[in-house]
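Here are my notes on the model you sent over. Have it open while you go through the points.

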Amino acid sequence: MAITGENAPKKRRPKTFSPSLAGHCLRYATMEMLGFGRAIDEETRDAMSQGSRRHKAFQAELGARFPMVKAEVALKDDGWGVSGRLDVLLETARGPEIIEYKTVGGDIFDVIQSTGPLVSHWAQLQLYLAVSAVEHGLLVVENRTQDGRVWYRGRRDPAWEAWLKERIQRVHQAVATRRLPSREISFRCLSCDRWQRCFPTAEARQHAVDEHPAWEPVPPVPPIRYDHVSYEDEPSAEFLA
């Protein structure tokens with residue numbers, strides 16, 4: 001006999017993958033979806049707060065410059081098992097363009113300026129493009145400790161789409177079985193707020209990273225290809241068009 005009413009077991013809604021996890025290791029993404037806690041220090045909280053304020057200011061800035069701007073656009077796709085919000089959706093002569101905005105500290109900003117976008121940032125933009133079937137996107141990275149921005153214009157990339165789809169499917173499989181994937185040890189572990197789920201001590205973590213500093217996910221990360229880059233705080237309308 002089926003149980004109905006208040007005593008019936010509640011059916012759990014399937015968990016969805018947040019686009020912000022796109023460039024993380026599988027173990028971290030699985031922990032996030034399973035609700036594992038995080039060890040967030042005061043410095044990180046302050047950086048998150050600053051990022052949120054700058055985020056809203058950036059959206060307002062674009063809205064004042066361009067009338068065809070939508071902010072915080074909901075995105076959900078059951079096939080991908082993904083849900084999130086686009087920072088900005090800009091209508092241009094070429095069609096819709098997704099803008100992903102990030103803030104980083106000064107040291108990381110210098111690295112990005114010299115070597116290009118971070119994998120985690122580019123993966124999130126590419127996931128938005130893939131899920132929404134939008135061809136063009138912009139990644140904007142702002143220095144939160146000093147003035148400075150860098151804008152990367154890219155387009156939807158089939159290689160990234162295939163990589164993201166496989167990685168996300170593996171996370172969903174791990175969540176379904178409630179088993180954490182193997183560690184993907186790299187220098188990223190040194191700044192991870194869930195590292196204690198992977199290493200017994202800070203010394204053990206450091207030793208593991210010293211032996212394997214490079215992140216080598218399976219499958220390998222595709223190349224990051226962008227069409228144009230601008231180092232202006234406010235690029236011309238032609239750059240955004």
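1. Helix 1 and helix 5 cross in a right-handed way (clockwise turn of the near helix from the far one by less than a right angle; anticlockwise would be left-handed). This is a predicted model, where local features need pLDDT of at least 70 and side-chain atom pairs count only at pLDDT 80 or more, while totals for chains, interfaces and linings use all residues. Residues are numbered from 1 along each chain as its sequence is written, and side-chain values use heavy atoms, leaving out hydrogens and water.

2. Helix 1 covers residues 26-34 and helix 5 residues 158-177; their axes sit 9 Å apart at an angle of about 50°. That angle makes helix 1 oblique to helix 5 (not under 35 degrees, roughly parallel, nor over 145, roughly antiparallel, nor 65 to 115, roughly perpendicular).

3. Who touches whom here? From helix 1, Leu26, Ala29, Thr30, Met33 and Leu34 meet Arg167, Arg170, Val171, His172, Ala174 and Val175 of helix 5 (contact means heavy atoms within 4.5 Å). By type, that contact has seven nonpolar, two polar and two charged residues.

4. Now the hairpin: strand 1 (residues 69-77) and strand 2 (residues 82-92) run antiparallel, joined by eight bridges (pairing takes at least two DSSP bridges). Leu75 has Gly84 in strand 2 as its bridge partner. Four residues lie between the strands, and Gly81 in the turn has a positive phi of about 70°.

5. Finally, Arg53 belongs to helix 2 (residues 42-65). Arg53 counts as exposed because its relative accessibility is 52% (exposed is over 50%, buried under 20%, partly exposed in between, with a 1.4 Å probe and protein chains only). Arg53 and Gly81 lie 28 residues apart in sequence and 29 Å apart in space, C-alpha to C-alpha.

Technical notes
Axes are lines fitted to C-alpha atoms, for helices over the stretch in contact, and angles run from 0 to 180 degrees between N-to-C directions. Helices (H or I, at least four residues) and strands (E, at least two) are DSSP runs, numbered from the N terminus. Ala, Val, Leu, Ile, Met, Phe, Trp, Tyr, Cys and Pro count as nonpolar, Asp, Glu, Lys and Arg as charged, and the others, Gly among them, as polar.
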